[in-house]
Amino acid sequence: MTTIVIAEDHQMLIDGIKSFFEYDEDITIIGCVNNGEDLVKLVGLKQPKLVITDIRMPKMDGIAATEIIKSKYIHIKVLALTMFDQPEAIKQMLDAGASGYLLKNSGIKMLSKAIKTIIDGNTFFDPNVAFNFMNDYIDKNVTVGKPDHIILSNREKEILQHIANGETSKQIAENLFIAKTTVDTHRKNMIRKLNLNNGNELVKYAIDMKYKF
């Protein structure tokens, strides 16, 4: 039996997860909290096999909470469930000791897959962030979820619109007030997400999709 504690400041999401696993014989939700401080306390009290935590929460964020949990209870697994797809946030969560990273828009079935994968001792990545960190985990057991459709982040869609307008990475960076390297990273990520071969194909895709987002 996999016992789980959830930390999430949106009660509706907690209720949805609890409802989905209500009749699952292999998974039991044994506690839920809405902030990082209460998460650390609850983990110490309940000793679950797995923690599912958001990153941005009141009182203490998920990164700090994960660091504390893993320092005290190395055997407890942690899965990040968040809307943040920024590489730095992902890296910080993984460095804190998380065994998986999943975006909230990936769906409840992929959450179930992530839970089972992590409990089996493997690392799980959301397909929309996996390519950022595969090289760091090349020697480890890694599972990447398979989405029903390609999901681009709001920032990626925004950059795609600028690409469709014929702007260079430097021009996009200036218009969006971000670093050129950040734009280049988004370009590379979109090429991989969309299974394209190069930047030219990305430009063509951007033009084709210009009025569809």
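**A tour from strand E4 to the salt bridges**

Begin by selecting strand E3 (residues 50-53) together with E4: the two run parallel and are joined by four bridges. The model on display is a predicted one. Within this pairing, select Val51, whose bridge partner in E4 is Val78.

Next, extend the selection to helix H3 (residues 62-72), which combines with E3 and E4 in a right-handed β-α-β unit.

Now keep E4 (residues 77-82) alone in view. Five of its six residues are buried, so the strand is largely enclosed by the rest of the structure.

Then add strand E5 (residues 100-103), which pairs with E4 in the parallel sense over four bridges. Here Ala80 is found opposite Tyr101 of E5. Helix H4 (residues 87-96) completes another right-handed β-α-β unit, made with E4 and E5.

The tour now turns to charged side chains. The whole structure contains five salt bridges. Select Glu8 and Lys104, which form one of them at 2.9 Å, N to O. Glu8 lies in the loop between E1 and H1 and Lys104 in the loop between E5 and H5, so this contact ties together parts 96 residues apart in sequence. Glu8 is buried, at 3% relative accessible area, whereas Lys104 is partly exposed, at 25%.

Add Asp54, another salt-bridge partner of Lys104, with the closest N and O atoms 2.9 Å apart. Asp54 sits in the loop between E3 and H3, 50 residues from Lys104, and is buried at 5%.

Finally, return to helix H4 and select Asp95 and Lys91, a salt bridge with a closest N to O distance of 2.8 Å. These two residues are four apart, about one helical turn. Asp95 is exposed, at 57%, and Lys91 partly exposed, at 41%.

Definitions and conventions. Residues are numbered from 1 along each chain as its sequence is written. This is a predicted model: local features need pLDDT of at least 70, side-chain atom pairs count only at pLDDT 80 or more; totals for chains, interfaces and linings use all residues. Side-chain values use heavy atoms; hydrogens and water are left out. Buried means under 20% relative accessible area, exposed over 50%, partly exposed in between (1.4 Å probe, protein chains only). Two strands pair if DSSP finds at least two bridges between them. A crossover is right-handed if, with the strands pointing away from the viewer, the path from the first strand over the helix to the second runs clockwise. A salt bridge is a side-chain nitrogen of Lys or Arg within 4 Å of a carboxyl oxygen of Asp or Glu.
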